[in-house]
Structures are given as structure tokens and as C-alpha cells.
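Trainee: I am new to this structure and would be grateful for a close look at a single part of it. Please place that part within the chain before turning to the details.

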Amino acid sequence: FFFQAEDGIRDFCLSRGLGDVYKRQKEGGLNNYFGEEIAQKFEEFDKQELFSYILMQRIKPLATTSFFLRNQALTIENTISEIGLFGYFIHDDEKILDVKDGGYLLRTKKESDNEGGVAAGFSYIDTLIVEDGLLQS
């Protein structure tokens, strides 16, 4: 779930504990706040800046072991992967004009990193492989 930063959300967030992330929808990292940082930013930001962020429940995926190769150096890390789905939805006040799926980006990063921007060097672009018979319902 997510909430736009508006009146009432501040008290809701502060009463929830430390399991949230407050973020802008920007690639590159360094735009996310976690745990106690959220309460601090609510005090620092003016209302206009609060509206540029969303409050989301933090998802904790299962970690796996990955091999990273960067600048001819190989490291073995505990990692998590995140998938972003892209698309658009265009409407006027009366009807839907167009809806389109735009694809996905899968990125993998160190489990210990809060940020995830590929361009900022926090994560790696990854590939999704789906095989018949692996997913059971």
C-alpha cells in the first residue's frame, strides 16, 4: 500500500513503527527515507515537498547469493531483487483514453543497501527467466 503525504498521514506513519519507506519516484537512489528518518523528514519538509513523496510499506524479499562483476572485480554478496513494472493510464474526467504496459526493469542489489538506483551504482540490471512447471498455484 502507499499514501500520498497529506494531512493525517503524518500521525498514522509515526504510530506505525519502523516498517515503512518514504520515497520519491526517482531513479538514482538517495531519495528514500526509512524508519526514524521518516519522522525527521516530516518535521523538516514543507507541505509542498511532502507532496512529492509517497509513504509505502517496506517489502522484505528473500535474500539469495549472487556474484557481482564490476570493474573486473568479482564479489559474492547476499542480495535481493526488485522488479518495477512500467506503463501508463490516460483518461479524462469521463472515460479511459488509453492503457499500455511498457515493460519491466529487474534490478538486484546488496541485501544491506537501502538505496537501489542502477545509475547511481547501488544495483545491477538483472534478467528474469520464467520456465514452465516452476510456478505452482
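**A close look at helix α2**

Mentor: Of the 137 residues of the chain, 24% count as buried. The model is a predicted one. Its chain holds three helices and eight strands, which follow one another from the N terminus in the order β-α-β-β-α-α-β-β-β-β-β.

The part chosen here is helix α2, which spans residues 36-44. Within α2, the residues I38, K41 and F42 are buried. Viewed down the axis of α2, these buried residues fall within an arc of 105 degrees, so they line one face of the helix. A general rule helps in reading such a pattern: an α-helix has 3.6 residues a turn, so residues three or four places apart point the same way. The face of α2 turned away from the buried side carries E36 and E43, which are exposed.

One residue of this helix merits separate attention, namely K41. K41 has a relative accessible area of 14% and therefore counts as buried, the cut-off being under 20%. Leaving aside residues up to four places away in sequence, K41 touches Y33 and L50.

For contrast, one may turn to V130, in the segment after β8 (123-125). V130 has a relative accessible area of 64% and is therefore exposed. Together with I83, L85, Y104 and L128, V130 forms a nonpolar patch on the surface. The accessible area of this patch comes to about 540 Å². For the chain as a whole, the accessible surface is about 10200 Å², and 52% of that belongs to carbon and sulfur atoms.

Key
Residues numbered from 1 in each chain as written. Predicted model: local features only at pLDDT ≥ 70, side-chain atom pairs only at ≥ 80, totals over all residues. Heavy atoms only, no water. Buried < 20%, exposed > 50% of the residue type's maximum accessible area, 1.4 Å probe, protein only. Helix = DSSP H or I, 4+ residues; strand = E, 2+ residues; numbered from the N terminus. Arc of directions from axis to C-beta. Contact = heavy atoms within 4.5 Å. Patch = residues over 30% accessible without salt bridge, like charges linked within 9 Å, V, L, I, M, F, W, Y side chains within 5 Å. Areas by Shrake-Rupley, 256 points an atom, 1.4 Å probe, with all protein chains shown as cover. Salt bridge = Lys/Arg side-chain N within 4 Å of Asp/Glu carboxyl O.
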